[in-house]
Amino acid sequence: MRVLLVDDEEQLVSTLAERLQIRGIDARWVTSSMAALELVETETFDLAILDVKLPKMNGLELKKRLHTLHPEMKFLFLTGHGSEDDFKIGAAETGADFYLVKPVKIESLLEKMNEAIQRQGESE
Amino acid sequence: MSAYQESIGDCGLHCFGSISASISHELKNALAIINENAGLLEDLSLMAEKGRPLDPVRLKSLAANIAKQIQRADGIIRNMNRFAHSADEPVNCIDLGETLALTVALSSRLAAMKSVTLNFIPPSQPVCVTTRLFYIENIVWLCLKELFERAGAEKEITLALRPQPEGAAVIFSPVDAPVTDASTIKLLDYLKAAQSTDSKHRELIITLPADMAAC
């Protein structure tokens, strides 16, 4: 599985990528939406894990852009807020099951990653 | 605070809510980083149990990451505590330098979201006005919120303070036009404060009377 992680907290996203790599997942990370859009010009990913609140272009907007460029890509959202409004917006984009509130347990994340790959694929 | 509540209480609540949400987001991020670093320590320990050697330099670096985030979270909580108590503080002689430094710290996440660099130049000597602490936080935050939205190519806002014979001036630069948000103007009127712009120096100047105790 090739995974793209996008979060403006570099220490979070780099450490999470390392933990996924330990588990045999090919994980790449960037800290901005612009860097994500640049990266997908040359690389393909099965799944993108996006922070909802990103500077300049938020995670929801980034998801739309990535989906247009790579319709086969699946998505998970991570958020620090966990407010009801954020939940509704994020859940509307990917389904409530694919919207995770930080901090998240790696086991739960892996489970959701696998579900996202399977279930979002089935719904298309 | 009843007259305030009647006229502009909603904008105070909005400010309080937005800053609180921003604080919770920052704390969640610090916790998430601690969570991942602790998780990585566990991963490395499990691998060491299976024979892979542990690198002490790597362990030290992960421990340092955790310590850094604990310090960050502690700073956020300290600011949160000061901010939370500002709402119930009575009219007092307010140190504007301290108050602006706190408001800038509380607004840093919002600035980052708008890709704006926010600076504060502390005054060389204390600058004080008499009012409720929350009113100053509220008016400065409202101004910053609008200025972040329209920050020019510089994408940088600098705050400074200037003592004045009958009060103090809070300076925002580079800014070319006055603030227009209705709540901000209402609060300025309530505090009997005034705004003006200096086109030569590209400054927005909020002039605060020395004594706003009656507000």
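1. Burial in chain A comes first: of its 124 residues, 37% are buried. Bear in mind that this is a predicted model. Contacts in chain A lean on sequence-distant partners, too: among those with a separation of 6 or more, 58% are between residues 24 or more positions apart.

2. On to the layout of chain A. Five helices and five strands make up its secondary structure, and reading from the N terminus the order is β-α-β-α-β-α-β-α-β-α.

3. Now the contact between the chains. On the chain A side 17 residues take part, and on the chain B side 18. Helix H1 of chain A (residues 10-22) gives the largest share of the chain A side, with seven residues. By character, that side of chain A splits into six nonpolar, five polar and six charged residues.

4. Chain B has an open sheet of five strands, and if you trace it across, the order is S2-S4-S5-S7-S6, with mixed pairing. The edges are S2 (117-121) and S6 (194-198) of chain B, each of which pairs on one side only. On average, neighbouring strands here are turned by 20 degrees against each other, ignoring direction.

5. Within that sheet, have a look at S5 (residues 167-173) and S7 (residues 203-209) of chain B: they run antiparallel and are joined by six bridges. Gly167(B) has Pro209(B) of S7(B) opposite it.

6. Helix H3 of chain B (residues 96-113) lies across S2, S4 (156-164) and S5 of the same chain. The angle between H3(B) and S2(B) is about 175 degrees.

7. Which residues have the most contacts inside the largest nonpolar core? They are Ile139(B) and Cys143(B), in a core of 44 residues. Helices H1 (2-49), H3, H4 (133-149) and H5 (182-190) of chain B, along with strands S4, S5 and S7, each bring at least two residues to this core. H4(B) gives the largest share, eleven residues. Because domain 1 (2-86) and domain 2 (92-209) of chain B both contribute residues, this core lies between them.

8. Cys143(B) deserves a closer look. Leaving out residues up to four places away in sequence, Cys143(B) touches Phe172(B), Val179(B), Thr184(B) and Ile206(B). Another core, of 35 residues, lies apart from the 44-residue one; its members include Leu47(A), Ala48(A) and Met113(A) from chain A, and Ala30(B) from chain B.

Technical notes:
Residues are numbered from 1 along each chain as its sequence is written. Chains are lettered from A and ligands numbered from 1 in the order in which they are written. This is a predicted model: local features need pLDDT of at least 70, side-chain atom pairs count only at pLDDT 80 or more; totals for chains, interfaces and linings use all residues. Two strands pair if DSSP finds at least two bridges between them. Helices (H or I, at least four residues) and strands (E, at least two) are DSSP runs, numbered from the N terminus. Axes are lines fitted to C-alpha atoms, for helices over the stretch in contact, and angles run from 0 to 180 degrees between N-to-C directions. Two residues are in contact if their C-beta atoms, placed from the backbone, lie within 7 Å. A nonpolar core is a set of buried Ala, Val, Leu, Ile, Met, Phe, Trp, Tyr and Cys residues joined through C-beta atoms within 7 Å. A residue is buried if 20 or more other C-beta atoms lie within 10 Å of its own, exposed if 12 or fewer, and partly exposed in between; C-beta atoms are placed from the backbone. Domain bounds come from an automatic or database domain assignment. Ala, Val, Leu, Ile, Met, Phe, Trp, Tyr, Cys and Pro count as nonpolar, Asp, Glu, Lys and Arg as charged, and the others, Gly among them, as polar.
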